[in-house]
Amino acid sequence: MLSLLAQTAVSFVATVSFAILFQVPREQYVYSGLCGAAGWLCYLLVMQNYPSPAVASFAAVVVLTVMSRIFAVRRKTPVTVFLICGIFPLVPGAGIYYTAYYFLRDDRTLFLNKGVETLKIALALALGIALVCSLPLPGREHKK
């Protein structure tokens with residue numbers, strides 16, 4: 001339990017740090033951090049019950065994207081401000097690194113294993129964002 005809270009807190013700080021790096025307006029730091037922390041917490045909870053990084057990434061990015069859209073409407077800010085910063089903890093950076101590392105070491109088995117896993121995670125992230133962003137926002141009927 002303590003590890004879960006510690007990792008969530010660290011993901012909040014990492015997301016806010018990324019928001020600072022990307023020059024997000026100062027008043028959006030906390031909301032960006034909340035998006036990143038919620039996404040990572042969801043990832044950890046899914047991994048405890050169903051240990052698949054791709055499935056956990058998909059569930060986490062759905063939660064993250066829903067929160068980003070809600071914050072964007074409420075804060076009158078583009079959704080990308082929250083989404084790009086919030087996705088930072090979920091991006092498979094280590095997977096990309098190790099895929100390239102195994103490729104350069106000419107270890108084809110590990111290269112393919114890590115590459116396929118990384119590709120699954122990247123696709124899960126993209127599909128989760130596309131799924132949530134394709135849903136209409138409530139109360140926004142289009143007039144013809």
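Trainee: How much area does the chain expose, and what share of it do carbon and sulfur atoms supply?
Mentor: The chain exposes about 9200 Å², and carbon and sulfur atoms supply 68% of that area. Keep in mind as we go that this is a predicted model.

Trainee: Noted! What are the rough box dimensions for the C-alpha atoms?
Mentor: Taken along the principal axes, the box filled by the C-alpha atoms is roughly 55 × 40 × 30 Å.

Trainee: And how many helices and strands are there?
Mentor: Six helices and zero strands. Reading from the N terminus, the order is α-α-α-α-α-α.

Trainee: What percentage of the residues is buried?
Mentor: Of the 144 residues in the chain, 37% are buried.

Trainee: How about contacts, what share joins residues at least 24 apart?
Mentor: Counting contacts between residues at least 6 apart in sequence, 66% join residues at least 24 apart.

Trainee: Let's pick one helix. Does the span of α3 agree or disagree with its residue count, and why?
Mentor: It agrees. Helix α3 covers residues 53–75, which is 23 residues, so at 1.5 Å a residue it should span 33 Å, and its end C-alpha atoms are 31 Å apart.

Trainee: Which residues of α3 are buried?
Mentor: The buried ones are A54, A56, S57, A60, V61, L64, T65, S68, R69, F71 and A72. So you will find charged R69 in that list as well as A54 and L64.

Trainee: What do those buried residues pack against?
Mentor: They pack against three elements: α2 (29–49), α4 (79–86) and α6.

Trainee: And what follows α3?
Mentor: K76 does, and its phi is positive, near 50°. K76 has that positive phi although it is not a glycine. You can find K76 in the loop between α3 and α4.

Trainee: Is K76 buried or exposed?
Mentor: K76 is exposed, because its relative accessibility is 76% and the cut-off for exposed is over 50%.

Trainee: Which other residue has a positive phi without being a glycine?
Mentor: D106 is one, with phi near 60°. D106 sits in the loop between α5 (93–104) and α6, and it is exposed at a relative accessible area of 52%.

Trainee: What does D106 form a salt bridge with?
Mentor: Its partner is R108, and the closest N and O atoms are 3.7 Å apart. R108 is exposed, as D106 is.

Trainee: How many salt bridges turn up in the whole structure?
Mentor: Two, going by a search of the whole structure. Besides the one between D106 and R108, E117 forms a salt bridge with K114, where the closest N and O atoms are 3.9 Å apart.

Trainee: Where do E117 and K114 lie?
Mentor: Both lie in helix α6 (residues 108–134), three residues apart, which is about one turn of the helix. In general, an α-helix has 3.6 residues a turn, so residues three or four places apart point the same way.

Trainee: Are E117 and K114 buried or exposed?
Mentor: In between. E117 has 31% relative accessibility, so it counts as partly exposed, and K114 is partly exposed too, at 23%.

Trainee: Changing topic: how many disulfides does the structure hold?
Mentor: Zero.

Trainee: Why is there no bond from C42?
Mentor: Because the closest cysteine sulfur, in C35, is 13 Å from the sulfur of C42, too far for a bond. C42 counts as buried, at 16% relative accessibility.

Trainee: And what about C85?
Mentor: The closest cysteine sulfur to C85 is also in C35, at 9.0 Å, and that is too far for a bond. C85 is buried, with a relative accessible area of 2%.

Trainee: Last one, back to the surface. Which residues make the nonpolar patch?
Mentor: F58, L119, L123, L127 and L131 make it, and the patch is about 470 Å². Helix α6 gives the most to the patch, with four residues.

Trainee: Where does L131 lie, and how accessible is it?
Mentor: L131 lies in helix α6. It counts as partly exposed, at 44% relative accessibility.

Definitions and conventions:
Residues are numbered from 1 along each chain as its sequence is written. This is a predicted model: local features need pLDDT of at least 70, side-chain atom pairs count only at pLDDT 80 or more; totals for chains, interfaces and linings use all residues. Side-chain values use heavy atoms; hydrogens and water are left out. A salt bridge is a side-chain nitrogen of Lys or Arg within 4 Å of a carboxyl oxygen of Asp or Glu. Buried means under 20% relative accessible area, exposed over 50%, partly exposed in between (1.4 Å probe, protein chains only). Helices (H or I, at least four residues) and strands (E, at least two) are DSSP runs, numbered from the N terminus. A disulfide is a pair of cysteine sulfur atoms within 2.5 Å. The expected span of a helix is 1.5 Å times one less than its number of residues. Contact means heavy atoms within 4.5 Å. Accessible areas come from the Shrake-Rupley method with a 1.4 Å probe; for residues, only the protein chains shown count as cover. Patches are made of residues with over 30% relative accessible area and no salt bridge: like charges are joined within 9 Å, nonpolar side chains (Val, Leu, Ile, Met, Phe, Trp, Tyr) within 5 Å.
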